[in-house]
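This briefing goes through the fold, the disulfides, the charged side chains and the nonpolar core of one protein model. The sequence and structure come before the notes.

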Amino acid sequence: MAASLSIPLSTRFSPAKRHRLNALELRSPLRVCCSASRDGAELEGNLPQLKKQLKNVACGILAVWAVTTASPVIAANQRLPPLSTDPKRCELAFVGNTIGQANGVYDKAIDLRFCDFTNEKANLKGKSLAAALMSEAKFDGADMTEVVMSKAYAAGASFKGTDFTNAVLDRVNFEKANLQGALFVNTVLSGSTFDNAQLEGAVFEDTIIGYIDLQKICRNTTINEEGRAVLGCR
C-alpha cells in the first residue's frame, strides 16, 4: 500500500510583516492530491469501497502534515517575536498605531519591551498602542489617559501610579504586572487579566468590566478593601 502527495507550494517571507502570521504568505493555494494503490496499481475490481476508504485515510493524514509544515503558527504555540533591533523602537509609543484599534490589528508592530517611560506626562496621552508588546517596560507615574491598549501584552511591566483615566484597556495581559497606585477611572477593563498582578492602592472608579472579568479580578488579594468595595467584589 502506498500513498502519494503532491503539494505545489510557494512561500515568501517578508521581514516587514513578521507580526502577521509569522510572515508566511502563500502565493498559490495549497493543493493536496492523494491516491492509494497496491503494488503500484490502482485498487479496482471487487474492492471499490475499500479503495475509497484507504484513499480518504491517506489524504487526511498527508493533508494534516502539509498544513502543519506550511504554517508554523498553526503547528506550534504562539510565541513572542524576537526583540526589535530598531534603535528607535521605544519612540514608537509616542506615535502609536491607527489601524483596527479595537481588534488589536496594527499597521506596524510596537515593541516597547524593556523601554522606560517613567514619569512621561505628555507624549503617551491618547495614543493607540493596540497589541503593543510591553513586557518588562516601565510606565511608573506616566500619564496614559485615553490610551487605547486593546490586546496589549504587558506581563511583568510596571505601571506604579500610572493614570489610566478614560483609557481602553480591553483584553490586556497584565500578568505579574506592578499596578500599585494605578488610576482606573472610567476605564474599560473588559477581558483583561490580572493574574498575580500587584494592585495595592489601585483606584477603581466607574470602571467598565464584565461580570466574569470582575470575578477574576476580585480573586486578586492585593486589592484593598476600598477598591474591592468600589468594584463590587463579594
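**Charged pairs, disulfides and core**

Arg89 and Asp111 are both buried. Their side chains meet in a salt bridge, with N to O at 3.9 Å. The model is a predicted one, and the points below are grouped by topic.

**Salt bridges**

- The count of salt bridges comes to three.
- The pair of Arg89 and Asp111 ties together parts 22 residues apart in sequence, because Arg89 lies in the loop between H2 and S6 and Asp111 lies in the loop between H2 and S6.
- Asp111 also forms a salt bridge with Arg113, where the closest N and O atoms are 2.7 Å apart.
- Arg113 is buried, as is Asp111.
- Arg89, Asp111 and Arg113 are thus linked in a network of salt bridges.
- Another salt bridge is formed by the side chains of Arg171 and Asp170, at 2.6 Å from N to O.
- Arg171 has a relative accessibility of 32% and counts as partly exposed, whereas Asp170 is buried with a relative accessible area of 10%.

**A buried acid without a salt bridge**

- Asp213 lies in helix H3, which covers residues 211-218.
- Asp213 is buried but has no salt bridge, and the nearest side chain of opposite charge, Lys216, is 4.8 Å away.
- The cut-off for a salt bridge is 4 Å between a side-chain nitrogen of Lys or Arg and a carboxyl oxygen of Asp or Glu.
- Not counting residues up to four places away in sequence, Asp213 touches Ser190 and Gly191.

**Disulfides**

- The protein has two disulfides by count, and their pattern is 1-2, 3-4 when bonded cysteines are counted along the chain.
- Cys90 is joined to Cys115 by a disulfide with an S to S distance of 1.9 Å.
- Cys90 and Cys115 each lie in the loop between helix H2 (72-75) and strand S6 (183-185), so this disulfide ties together parts that are 25 residues apart in sequence.
- The link of Cys90 and Cys115 is left-handed, with -80 degrees about the S-S bond.
- Cys90 is partly exposed, at a relative accessible area of 26%, while Cys115 is buried, at 2%.
- Cys218 and Cys233 form a disulfide with their sulfur atoms 1.9 Å apart.
- This pair links distant parts of the chain, with Cys218 in helix H3 and Cys233 in the segment after helix H4 (225-231), 15 residues apart.
- The link of Cys218 and Cys233 is left-handed, with -80 degrees about the S-S bond.
- Cys218 is buried at a relative accessible area of 12%, and Cys233 is buried at 17%.

**Nonpolar core**

- The largest nonpolar core holds 41 residues, and Met149 and Leu179 have the most contacts inside it.
- Helix H3 gives the largest share of this core, three residues.
- Leaving aside neighbours within four places in sequence, Leu179 is in contact with residues including Phe159, Phe164, Phe174, Phe184 and Phe194.
- Other contacts of Leu179 under that condition include Ala197, Gln198, Leu199 and Ala202.

**Overall fold and surface**

- The protein has four helices and seven strands, running β-β-β-β-β-α-α-β-β-α-α from the N terminus on.
- Of the 234 residues in the protein, 37% are buried.
- Among contacts between residues at least 6 apart in sequence, 26% join residues at least 24 apart.
- The accessible surface comes to about 13,400 Å², and 52% of this surface belongs to carbon and sulfur atoms.

Methods: Residues numbered from 1 in each chain as written. Predicted model: local features only at pLDDT ≥ 70, side-chain atom pairs only at ≥ 80, totals over all residues. Heavy atoms only, no water. Helix = DSSP H or I, 4+ residues; strand = E, 2+ residues; numbered from the N terminus. Buried < 20%, exposed > 50% of the residue type's maximum accessible area, 1.4 Å probe, protein only. Lys, Arg positive; Asp, Glu negative; His and termini not counted. Contact = heavy atoms within 4.5 Å. Core = buried A, V, L, I, M, F, W, Y, C linked by side-chain atoms within 4.5 Å. Areas by Shrake-Rupley, 256 points an atom, 1.4 Å probe, with all protein chains shown as cover. Disulfide = S-S within 2.5 Å.
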